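Subject: Structure handover

Hello,

Here is the structure for your files. My notes on it follow below.

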Amino acid sequence: MLPSPQRPFQRIKGVRSASGIRINEDASSGRSEILGFLRSWSALVADECSVRKPASPDCNSLTPFLIRHLDWLLAHPAAGDFEEEVAALTVRLRQITESGPKQFDIGQCVRPGCDARLFAVHSAGSGKCEVHCGAGHAWQADQWLHLYRQLQGAR
């Protein structure tokens with residue numbers, strides 16, 4: 001859900017982030033689309049099968065519920081609509097994830113005496129992410145939590 005350099009950020013009135021976290025609106029929208037999909041199809045299953053909906057209307061509860069009732073759902077007259085929505089949602093989510101940022105600034109390098117900016121670089125092709133500063137200092141994935149703590153301490 002990191003910001004994309006192609007899209008401007010939209011500030012929501014009255015909402016401030018003390019930590020400076022910015023949200024990728026496309027990723028947030030994609031998550032909402034997933035949740036809407038799961039909620040609507042779970043409601044259909046619950047209503048027509050006379051079964052209780054999951055207690056919590058979140059992805060972790062709705063997904064297994066739909067999987068348990070998938071055979072019934074695929075035999076339903078609306079199965080074609082279900083499949084079309086799954087395909088469209090898959091395409092949309094791939095567009096969001098594959099168009100993500102290639103590089104984004106995460107702050108000042110934490111190495112003593114280094115005044116370079118720190119960047120996270122994501123390779124859409126390999127799915128790998130690297131963290132390094134403009135001066136060449138680099139952090140491996142197993143060092144990112146420590147780096148995060150150092151960045152928080154510097155703020």
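What percentage of the 155 residues in the chain is buried? The figure is 26%. Please keep in mind that this is a predicted model.

Overall make-up: the chain holds 5 helices and 4 strands. Read from the N terminus, the order of elements is α-α-α-α-β-β-β-β-α, with the four strands in succession between α4 and the last helix. Among contacts with a sequence separation of 6 or more, 37% join residues 24 or more positions apart. The exposed area of the chain is about 10,800 Å², and 54% of that area comes from carbon and sulfur atoms.

Nonpolar cores: the largest one has 14 residues. Within this core, the members that touch the most others are F37, L38, W41, V45, L66, L73 and F82. Two or more residues of the core come from each of α1 (25–49), α2 (59–68) and α4 (79–98). The top contributor is α1, which supplies 7 residues. One of the core residues, L38, makes contact with C59, L62, T63 and L66, leaving aside residues up to four places away in sequence.

There is also a second core, separate from the one above, with 11 residues. Its members include F104, C109, L118 and L151.

As background, nonpolar side chains in soluble globular proteins tend to be buried together.

Regards

Technical notes:
Residues numbered from 1 in each chain as written. Predicted model: local features only at pLDDT ≥ 70, side-chain atom pairs only at ≥ 80, totals over all residues. Heavy atoms only, no water. Buried < 20%, exposed > 50% of the residue type's maximum accessible area, 1.4 Å probe, protein only. Contact = heavy atoms within 4.5 Å. Areas by Shrake-Rupley, 256 points an atom, 1.4 Å probe, with all protein chains shown as cover. Core = buried A, V, L, I, M, F, W, Y, C linked by side-chain atoms within 4.5 Å.
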